[in-house]
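Let's take a walk through this protein together, one region at a time. Keep the structure open beside you and turn it as we go.

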Amino acid sequence: MSTPPPDVTVVVPTRNRRRLLGRTLHSVLAQQCVEVQVVVVDDGSDDGTEATLAAIDHPRVTVLRNDRSGGVSAARNLGTADATTRWVAWCDDDDRWGPTKLRDQLDALAATPDARWAATSAVIVDVHDEVIGVQRGRVAGDVADALLERNFVPGGGSGVVAERTLVDEVGGFDASFSLLADWDLWTRFALAAPAVHVDRPDVAYLRHNGAMTRRLDQLDVELDRLRAKYADERRARGVEMDDEQMLRWATRQHVRSGRRVAAIRGYLRLAAEHRRLYGVAKAASVFVAPQIARRRDLQPIVPDPAWAELAAAWICDPGNLFDTPAPRPTDA
């Protein structure tokens with residue numbers, strides 16, 4: 001029996017995440033009722049990932065490699081250019097998908113013919129696979145104004161599926177962005193086409209010490225660049241970027257990463273620019289006891305118990321592509 005053609009191309013950019021990548025690929029290949037083609041883009045890994053990927057013998061997995069890292073956006077674009085399917089999706093190498101993630105999104109798109117991209121809700125998990133938070137932004141219809149204000153699409157770069165033609169029309173990921181590359185592309189999607197949203201915990205977004213959001217040297221630079229990029233569009237629509245929300249988010253990333261001076265500066269800006277007096281107290285706590293402030297900030301957000309239960313059924317799947325023999329299709 002010949003292998004049916006794929007419905008969705010899934011691009012997985014990776015760099016030095018061999019330990020996590022096998023689980024990510026397992027979850028992508030385990031999609032139910034959807035045929036996928038997976039394009040892994042090794043962005044200059046030097047931790048043994050190259051050899052591990054070279055050993056993969058799977059009919060649904062293609063591996064591309066950059067000998068020198070070009071960044072996550074360039075890696076996503078390289079993989080997307082290899083797609084031959086109508087639909088394309090992306091999954092970061094430390095995140096995982098529930099088994100019906102793509103099926104849920106494709107069904108929602110089929111039910112809304114004018115929509116050309118789909119988001120889904122997500123759970124945040126720690127390194128022990130415990131659900132520590134939920135993301136349930138409702139991304140439906142014309143969401144351009146909302147995305148020009150702030151990024152509310154769940155799941156980071158792992159939650160969206162889009163028409164390949166839409167990706168081409170808006171120009172793909174902007175390689176000048178790294179931390180905010182997904183928000184930038186979702187904004188251009190929203191300016192071009194309506195969206196649909198699946199309100200199920202279909203993505204597990206991993207929070208851990210190696211996460212990209214902890215590499216924060218360029219965060220303020222990217223925020224300023226994103227603000228300038230859509231300034232005319234915001235002005236024409238009468239909307240403004242939610243600077244307070246972005247400053248809160250950025251400051252929390254600084255706290256989590258132990259960037260003491262940057263965290264204090266962020267909290268003091270919240271107090272001075274947005275009249276959030278709690279910022280003074282939080283700045284003082286970071287100054288006096290940074291480790292305690294960090295532990296408090298990392299305390300789990302109490303999730304919706306029902307959502308935690310829905311997600312737990314597949315989050316605890318121990319499957320790892322690197323430990324599992326590939327299926328061998330037979331020709332008719």
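A good place to start is Cys33, which is exposed, with a relative accessible area of 67%. Please bear in mind that this is a predicted model. You will find Cys33 in the loop between H1 and E2. Its backbone is worth a look too: Cys33 is not a glycine, yet its phi is positive, at about 60°.

Another residue with a backbone of this kind is Asp129, in the loop between E6 and E7. Here phi is near 65°, again a positive value in a residue other than glycine. Is Asp129 buried or exposed? Its relative accessibility is 18%, and the limit for a buried residue is under 20%, so Asp129 counts as buried.

Now go back to the early part of the chain. Thr3 sits in the segment before strand E1, which covers residues 8-14. With a relative accessible area of 38%, Thr3 is partly exposed. Thr3 and Glu35 are 32 residues apart along the chain, and their C-alpha atoms are separated by 9.3 Å.

From there, move on to strand E2, residues 36-43, which pairs with strand E3, residues 61-66. The two strands run in the parallel sense, and 6 bridges link them. If you would like a landmark in this pairing, look for Val39, which stands opposite Thr62 in E3. Helix H2, residues 49-54, joins the picture here: E2, H2 and E3 together make a right-handed β-α-β unit.

Next, let's look at the interior. The largest nonpolar core has 40 residues. Which residues have the most contacts inside it? They are Trp90, Trp117, Leu147, Trp186 and Phe189. Among the elements that give two or more residues to this core are E2, strand E4 (87-90), strand E6 (117-125) and helix H5 (144-149). Helices H6 (164-170), H8 (219-229) and H10 (243-256) are also among them. Helix H7 (181-192) gives the most, with 6 residues.

To see this core from the point of view of one side chain, center your view on Phe189. Leaving aside neighbours within four places in sequence, Phe189 is in contact with two tryptophans from the list above, Trp90 and Trp117. Its other contacts are Val160, Ala162, Leu166, Val167 and Val170. There is also a second, separate core of 28 residues, which includes Val10, Val28, Leu53 and Ala115.

Strand E6 deserves another visit, this time for Thr120. Thr120 counts as buried because its relative accessibility is 0%. What does its side chain find there? A polar atom of the Thr120 side chain lies 3.2 Å from the backbone oxygen of Val198. The backbone oxygen of Arg200 likewise lies 3.2 Å from a polar atom of that side chain. Not counting residues up to four places away in sequence, Thr120 also touches several others, including Lys101, Gln105, Pro154, Gly159 and Asp202.

Follow that last contact to Asp202, whose place is in strand E9. Asp202 is buried, with a relative accessible area of 2%. Beyond its neighbours within four places in sequence, the contacts of Asp202 include Arg96, Trp97, Lys101, Asp104, Ser121 and Trp314.

Trp314 leads us to helix H14, residues 305-315, where Trp307, Ala308, Ala311, Trp314 and Ile315 are buried. Why do these residues line one face of the helix? Seen down the axis of H14, they fall within an arc of 130°, so they line one face. Pro305, Glu309 and Ala313 are exposed on the other side of H14. The buried residues of H14 pack against helix H1 (18-29) and four strands: E5 (96-97), E6, E7 (131-135) and E9 (195-206).

Our last stop is Phe287, in helix H12, which spans residues 278-288. Is this phenylalanine buried or exposed? Phe287 counts as exposed, at 54% relative accessibility. Not counting residues up to four places away in sequence, Phe287 touches Arg260 and Ile264. As a final distance to try on your screen, Phe287 and Leu223 are 25 Å apart, C-alpha to C-alpha, and 64 residues apart in sequence.

Key:
Residues are numbered from 1 along each chain as its sequence is written. This is a predicted model: local features need pLDDT of at least 70, side-chain atom pairs count only at pLDDT 80 or more; totals for chains, interfaces and linings use all residues. Side-chain values use heavy atoms; hydrogens and water are left out. Two strands pair if DSSP finds at least two bridges between them. A crossover is right-handed if, with the strands pointing away from the viewer, the path from the first strand over the helix to the second runs clockwise. A nonpolar core is a set of buried Ala, Val, Leu, Ile, Met, Phe, Trp, Tyr and Cys residues joined through side-chain atoms within 4.5 Å. Buried means under 20% relative accessible area, exposed over 50%, partly exposed in between (1.4 Å probe, protein chains only). Contact means heavy atoms within 4.5 Å. The arc is that of the directions from the helix axis to the C-beta atoms. A polar contact is a pair of N or O atoms within 3.5 Å; within protein, one must be able to donate a hydrogen and the other to accept it, and residues adjacent in sequence count only if both atoms are side-chain atoms.
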